[in-house]
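Open the model in your viewer and keep the sequence panel in sight. The stops below say what to select and what is there.

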Amino acid sequence: TNNQFGTFWIHGHTRHQEADGFYTPLIIHSRKQPVIVYDEELLMTFEDWYTGEFYVRQAYIDSLNDARTLTPYYSKALINGYDGNKTAPITFVPGKRYRLRIICMSINNWFKFRIPGHRMTVIEADGVESMPLEVDGLSMGPGQRYSVIVTAHDLADFNYIYNVTSSLYKSVLVPTLYTALSMGELAKNSSVYGPQTNAYVLKHLEVVEIVINNPAIEDHTFHFHGHNVQVIETGPFGNSSTIDREPVPRILSGPWPMWRDTVQVRAFEFIRVRFRADNP
């Protein structure tokens, strides 16, 4: 796509290939000089890894009456492709500024990332440059990406330590994208995509708001292909008494919501997102 750059990842879409490890980072550099100057760039990836192939795990899940009894297939966490306990530490040179591109390539697990003793400045989310925001850690759902700037301390006492913790759909016979590209004018008819897709055809340049409700006991990630969205509102949804969490308030976003393509929907919460249908 012209003028598109940032931190992305690519993965298989057929037969749950991504759940069996068919994915890789994709970094697109801008031809322009970066607005924020840094000395070096580092890439970090977070993944969940399972001992069984997806079709084995799916058969087990389908056999359950209660999803809360999912015990045999707890995943392991990988950092840069290695067991988290064996991943090489970040090597900082005191006083230098680093851009960390961080990608959560997991299927189910969420990850939290921080560097004790350091603050991080977020400059990009999901391939979209953002207004700089200083944070002390990141919470990342499947598919989400961030770029942060970190300035290493002048002393090397804490420069090599970081912490990472990790916290159904019926497939269509023909992938939706293939249908959209091969049906000509019929691609504008929502019925050609099949009843299980709940397809809705948008008008070009239409401004759309979508409310996503999560009545489940687990957090979920919602990803938009081909569009970036702004989160306009978040709040409670459904009965949260089954989970150990304080009730959440209803919150409207500020005047400049961050643009991104992957959003987190917490258990028993809703989000409202807005975007322009400008991708033909």
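Which residue in S11 is the bridge partner of Thr-121? Select Thr-121 and then Ile-149, since Ile-149 in S11 is the partner. Before going on, note that this is a predicted model, in which local features need pLDDT of at least 70, side-chain atom pairs count only at pLDDT 80 or more, and totals for chains, interfaces and linings use all residues. Residues are numbered from 1 along each chain as its sequence is written, and side-chain values use heavy atoms, with hydrogens and water left out.

**The sheet**

Select residues 120-125, strand S8, and residues 145-151, strand S11: the two run antiparallel and are joined by four bridges. Strands pair here if DSSP finds at least two bridges between them. In general, strands of a sheet pair through backbone hydrogen bonds, either parallel or antiparallel.

Now show the open sheet of seven strands, in the order S5-S4-S3-S6-S11-S8-S9, with mixed pairing. Its edge strands are S5 (82-83) and S9 (128-135), each pairing on one side only.

**The whole chain**

Zoom out. The protein chain has two helices and 19 strands; these are DSSP runs numbered from the N terminus, helices being H or I with at least four residues and strands E with at least two. Of its 280 residues, 34% count as buried. Buried means under 20% relative accessible area, exposed over 50%, and partly exposed in between (1.4 Å probe, protein chains only).

**Aromatic rings**

Select Phe-92 and Tyr-98. Their rings form a stacked aromatic pair, 4.6 Å centre to centre with 25° between the planes. Rings of Phe, Tyr and Trp (its six-membered ring) pair if their centres lie within 6.5 Å; planes under 30 degrees apart count as stacked, over 60 as edge-to-face and the rest as tilted. Are Phe-92 and Tyr-98 buried or exposed? Both are buried. The structure holds six aromatic pairs. Next, select Phe-46, Phe-111 and Phe-113, which form one aromatic cluster.

**Helix H2 and the loop after**

Go to Tyr-178, in helix H2. Tyr-178 counts as exposed because its relative accessibility is 52%.

Move on to Lys-203, in the loop between helix H2 (176-182) and strand S13 (207-214). Why does Lys-203 count as exposed? Its relative accessibility is 62%, so Lys-203 counts as exposed. Last, add Lys-188 to the selection: the C-alpha atoms of Lys-203 and Lys-188 are separated by 9.4 Å, and the two residues are 15 residues apart along the chain.
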